[in-house]
Amino acid sequence: MAIIFILMAIKELKLDEIVDQLAKKYPHDKDRIYQAFELIQERHRDQKRASGEPYVSHLLNVAKILADLNMDSTTVVAGLLHDILEDTETSFEEIESLFGREVAEIVEGVTKIGKIRFRNFKEAQAENFRKLIIATANDIRVVIVKLADRLHNMRTLSHLRREKRLRIAEETLSIYAPIAHRLGIWEIKRDLEDLSFRHLYPKEFEKVRKFVSQSLEDLEAYLKKFVIPKVREVLKEAGIDAEISYRPKHLYSLWQKTIRKNINLEDVHDILGVRIVVDSLQECYVVLGLIHNVFKPVPGKFKDYISLPKPNLYQSLHTTVMADKGKLVEFQIRTREMHLRAEKGIAAHWAYKEGTGKADKPEVFSWLRSLVENIQGSRNPGELLDHIKRELFSEEVFVFTPAGDLLVLPSGATPVDFAYHIHTEVGNHCVGAKVNGRIVPLNYRLRSGDQVEIITSTQKKPNPQWLKFVVTSKAKSGIKQYIKKLERERFLNEGRRIIERIRENLHLTHNELMEKLREKVRFKDEEELYLALGSGRLSASRLMGVLTQKKKVRRIPSHSKGSGVVSLGDLDSVMYEVAGCCRPVPGDEVYGVVRSGRGIVIHEKGCANLRYLRENFPEKVFKVRWSPQGRFRTRIRVHVKDRIGILSDITRKIADNDSNIWESYTKASAEGKAVMDFTIDVIDKSHLRKVIKAIRDVEGVRSCSRVYT
């Protein structure tokens, strides 16, 4: 059997030929297809791709990919038009009037957010993914068009500059390939992974490609001589009409297997998998028995995805056997319907209800609904992207409710994850759990087949320690929301206490104090003021300074006079702020710098700006004792050996150690290394050390340290 790698040059048909093929496949909608083709020729006529080809060639190839997936004509027309709103002056209303509302909404869903100015690329990327995921939740065809768009872009990626190629390939591998996996579209998942692999890890790609191409001839000869004939014979004797085929595993999956199992390529034995496709469900199990009679099954290497399908509805029997000469061979046994679904995924069984775009298998999208719930309120770009990747990369366990309903949770999920999956209030009041009728600890790791019962109490509240072991975004979000609620109440109470103390010191009534504050401090309402004071964002000393109108810094000793350490607590009326360059935290050795109009600016001892000021303006610098309350932002830098999921593991460690991420930036290199910068909040220096130590324990982290810039 001739094996043709997907990464070889793909011969593309002429544009007119593609249009004619589409019209022939969808004869009932050929007029709309030709109309869409004429429109994109007109609107995109002056646009070229990086390869120099007319831009229309990309649109037609995207539509062809969708047609090959057997999508409906509405999706194919949307594929032809998918860039028209973003790249031309065409309006949504015009698309709707010409092609219908469904087409217009799919195109609008695929269109990036282009008219909003973002602070950086990560923020724009996060918001575009948010828009895509939410649009997909309304109509799954949105993301299928996006996957076809990305697949053709990946096939022509070599025409872009290296930096952009790597960024797009990394995004494809971390977001789009997992989405294709979740939707069960194996054809697209395979191609996206291998194309990304080629650009991100060219040396490793070439090594795997050469190994497979050199091994295939011997493996094919072995299967044809020792395996296939025996299988055909037993199937014929049993009167089973089956299609038998085999093909190599795709290159990226082979490479990942060597990493996951820490083995060499030479130790991978299942490069070729044998697939047997039959007519009925019963025949699948009959064939399984026949295979096990002919070849010895390998213990622990059998999986029944027919009785327990994957969340993307994939069904098949997988078994690995010991064949002649001691070689391991994997068999996949399925019906024709299962095979079509395995290749095409959601596109193979899509059943549209007129005007709704809803599927007939809503359970496929439980992960999507969970993802939408978690990204709706997330405003931090790093957090949002982490939510998306965590949901997409997680493996699954299958568990049951006491009523026998099947739930799918990520691998490593606990009873607390199960409780939050049922409902946020069930999670918030979870006090215990039974698994298979036996009491288990709340950090028990669920296994497929477990039946879970949650014990609740109205008196029970979420425990912050749960964040150390829960794995689902919904559980983490629910627990953090409750913690934030408690923290908000604490800040409000502390803010009220500070205001009351100030009121007593100034001998004012509450209303008089509020009136005076409104003249000098901008705040929306009293609650906002209490929160600012209670959280430490607004210091009591600074507020007192504003109220008493003492603009000059008093009793600040001069460094040149040799004064000792000064406590800021002794200078109640002095305004001070934390330097943004070094971001000191309580526990640091700090110095104050007198700045006109800003009071005192607090710098960490190792700050480069402080060194300059001490050398050139020593009279303005003095050592201070500083012990404020609240949370303080600081920066850390992590050097890693890049791998899939490492960003998620690091951010999880930060969250597990009671720290929030305010900003994050990652830069990857072609050598498989990456540098990650995070701005996090901590209570003090010992808290910061705890976070850094936890990050250093993550597999693949080479170093983690604080950044003083």
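**Exercise 1: From one residue pair to a sheet**

T634 sits opposite I680 of β18; starting from that pair in this predicted model, work out the order of the strands in the four-stranded open sheet.

*Solution.*
Step 1. Place T634 first: strand β16 covers residues 632-641, strand β18 covers residues 673-682, and the two pair in the antiparallel sense over 10 bridges. Further along this pairing, V638 stands opposite M676 in β18.

Step 2. Now look for another partner of β18. Strand β17 pairs with β18, again in the antiparallel sense, over seven bridges. Here T666 is the residue opposite M676 in β18. So M676 faces V638 in one pairing and T666 in the other, given that strands count as paired when DSSP finds at least two bridges between them.

Step 3. Put the strands in a row: the order is β17-β18-β16-β19, with antiparallel pairing. The edges are β17 (661-668) and β19 (701-706), each of which pairs on one side only. On average, neighbouring strands are turned by 15° against each other, direction ignored.

**Exercise 2: What lies across the sheet?**

Find which helices lie across the strands of this sheet, and give the angle for each.

*Solution.*
Step 1. Take helix α25, residues 646-656. This helix lies across β16, β17, β18 and β19 and runs at about 20° to β18. With angles under 35 degrees counted as roughly parallel, α25 and β18 fall in that class.

Step 2. Next comes helix α26, residues 685-696, which lies across β16, β18 and β19 and runs at about 170° to β19. Angles over 145 degrees count as roughly antiparallel, so that is the label for α26 and β19.

Step 3. Check how covered β18 is: seven of its 10 residues are buried, so call the strand mostly covered. Two residues from Exercise 1, M676 and I680, turn up in a separate second core of 28 residues, which also includes V590 and I650.

**Exercise 3: F632, buried or exposed?**

Decide whether F632 is buried or exposed, and list what surrounds it.

*Solution.*
Step 1. Locate the residue: F632 is in strand β16.

Step 2. Apply the cut-off. Buried means under 20% relative accessible area; F632 has 11% relative accessibility and therefore counts as buried.

Step 3. Collect the contacts, skipping neighbours within four places in sequence: P584, V585, P586, W626, I680, D681, V682 and I683.

Step 4. Add a C-alpha distance for a residue far off in sequence. G536 is 96 residues away from F632 along the chain, yet their C-alpha atoms are separated by 8.8 Å.

**Exercise 4: A helix pair**

Describe how α20 and α21 meet, in terms of axes and residues.

*Solution.*
Step 1. Pick the descriptors: two packed helices are described by the angle between their axes and the distance between the axes.

Step 2. Fill them in. The axes of helix α20 (residues 473-506) and helix α21 (residues 510-520) come within 10 Å and cross at roughly 100°. That makes α20 and α21 roughly perpendicular to each other.

Step 3. Name the residues: from α20 come I499, I502, R503 and L506, and they meet H510, L513, M514 and L517 of α21. Sorted by class, the contact has six nonpolar, one polar and one charged residues.

**Exercise 5: Two positive phi values**

Compare the settings of K325 and D658, non-glycine residues whose phi is positive.

*Solution.*
Step 1. Read the angles: phi is near 60° for K325, and near 60° for D658.

Step 2. Find the places. K325 belongs to the loop between β4 (317-322) and β5 (328-335), while D658 belongs to the loop between α25 and β17.

Step 3. Judge the accessibility: K325 has a relative accessible area of 68% and is exposed, whereas D658, at 44%, is partly exposed.

**Exercise 6: The largest core**

Say which residues touch the most other members of the largest nonpolar core.

*Solution.*
Step 1. The core has 104 residues, and the answer is L81, V227, I276 and F331. Helix α12 (residues 202-237) supplies its largest share, 14 residues.

Step 2. Zoom in on I276. Beyond four places in sequence, its contacts include V231, L235, I244, V287 and F331.

Note on methods
Residues are numbered from 1 along each chain as its sequence is written. This is a predicted model: local features need pLDDT of at least 70, side-chain atom pairs count only at pLDDT 80 or more; totals for chains, interfaces and linings use all residues. Side-chain values use heavy atoms; hydrogens and water are left out. Axes are lines fitted to C-alpha atoms, for helices over the stretch in contact, and angles run from 0 to 180 degrees between N-to-C directions. Contact means heavy atoms within 4.5 Å. Angles under 35 degrees count as roughly parallel, over 145 as roughly antiparallel, 65 to 115 as roughly perpendicular and the rest as oblique. Ala, Val, Leu, Ile, Met, Phe, Trp, Tyr, Cys and Pro count as nonpolar, Asp, Glu, Lys and Arg as charged, and the others, Gly among them, as polar. A nonpolar core is a set of buried Ala, Val, Leu, Ile, Met, Phe, Trp, Tyr and Cys residues joined through side-chain atoms within 4.5 Å. Buried means under 20% relative accessible area, exposed over 50%, partly exposed in between (1.4 Å probe, protein chains only).
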